[in-house]
Amino acid sequence: MGYEGVLLGMGNPLLDISSHVDQDFLDKFDIKLNNAILAEEKHVPMYDEMASKYNVEYIAGGATQNSIRVAQWMLQIPGATSYMGCIGKDKFGEEMKKHSKLAGVNVPVLSALWAAKGQFAF
């Protein structure tokens with residue numbers, strides 16, 4: 001019996017970028033510790049700067065994708081889960097695809113938009 005793609009999730013993917021940064025970085029982008037914000041135009045350069053100056057960890061996220069990744073981990077059957085959603089057509093979109101695949105999730109339909117969408121800062 002084939003199990004590839006037995007579970008499909010469709011949702012809004014978010015790429016989590018985790019890193020230890022210094023106070024100067026937080027001050028530069030007006031970010032307070034233990035706070036979540038909806039990113040504004042002034043935060044756009046923050047992601048590139050963080051990726052170039054600090055050791056970052058990329059995590060394919062978003063509520064649905066997190067659930068699919070957990071299901072994939074629990075099933076322990078290569079390719080048992082699939083995920084689809086829209087991502088930006090940029091380096092962060094490529095990181096999303098890469099890290100989804102590293103988690104064992106099929107991502108044949110991560111549609112690339114022309115511009116990045118939905119940025120948050122935590």
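A nonpolar core, in the sense used here, is a set of buried residues of the kinds Ala, Val, Leu, Ile, Met, Phe, Trp, Tyr and Cys that are joined through side-chain atoms within 4.5 Å. In this predicted model, the largest such core is made up of twelve residues, namely F25, L26, F29, I31, A39, M46, Y47, M50, Y54, V56, Y58 and F92. Two helices, α1 (23–28) and α2 (44–53), each supply at least two residues of this core, and the largest share, three residues, comes from α2.

One member of the core, F25, gives a view of how these parts of the chain meet. When its neighbours within four places in sequence are left aside, F25 is in contact with M46, E49, M50 and Y54. Of these partners, M46, M50 and Y54 are themselves listed in the core, while E49 leads on to the charged side chains of the model.

Side chains of opposite charge can pair when their charged atoms come close. A search of the whole structure finds seven salt bridges, and one of them joins E49 to K53, with the closest N and O atoms 3.8 Å apart. The two residues lie four places apart in helix α2, and they are therefore separated by about one helical turn. Their surroundings can be told apart by relative accessibility, for E49 has 15% and counts as buried, whereas K53 has 54% and counts as exposed. The pair does not stand alone, since K28, E49 and K53 are linked in a network of salt bridges.

Helix α4 (residues 91–102) holds K97 and E94, which are three residues apart and so are separated by about one helical turn. These two residues form a salt bridge whose closest N and O atoms are 3.5 Å apart. Here K97 is partly exposed, with a relative accessible area of 24%, and E94, at 47% relative accessibility, likewise counts as partly exposed. K98 and E95 are also three residues apart in helix α4, again with a separation of about one helical turn, and in the salt bridge between them the closest N and O atoms are 3.8 Å apart. In this pair K98 is partly exposed, at a relative accessible area of 43%, but E95 has 19% relative accessibility and counts as buried, because the limit for a buried residue is under 20%.

What does the side chain of Q65 reach? Q65 is found in helix α3 (residues 63–75), and at 0% relative accessibility this residue counts as buried. Its side chain reaches the backbone oxygen of G61 at a distance of 3.1 Å. Apart from neighbours within four places in sequence, Q65 is in contact with P13, A60, Y83, M96 and S100. Of these contacts, M96 and S100 fall within the residue range of helix α4, 91–102.

The last stop is on the surface, where Y3, V6, L7 and L75 make a nonpolar patch of about 340 Å². Within this patch, Y3 has its place in the segment before β1 (7–10), and its relative accessible area of 38% makes Y3 partly exposed.

Definitions and conventions:
Residues are numbered from 1 along each chain as its sequence is written. This is a predicted model: local features need pLDDT of at least 70, side-chain atom pairs count only at pLDDT 80 or more; totals for chains, interfaces and linings use all residues. Side-chain values use heavy atoms; hydrogens and water are left out. Buried means under 20% relative accessible area, exposed over 50%, partly exposed in between (1.4 Å probe, protein chains only). Contact means heavy atoms within 4.5 Å. A salt bridge is a side-chain nitrogen of Lys or Arg within 4 Å of a carboxyl oxygen of Asp or Glu. Patches are made of residues with over 30% relative accessible area and no salt bridge: like charges are joined within 9 Å, nonpolar side chains (Val, Leu, Ile, Met, Phe, Trp, Tyr) within 5 Å. Accessible areas come from the Shrake-Rupley method with a 1.4 Å probe; for residues, only the protein chains shown count as cover. A polar contact is a pair of N or O atoms within 3.5 Å; within protein, one must be able to donate a hydrogen and the other to accept it, and residues adjacent in sequence count only if both atoms are side-chain atoms.
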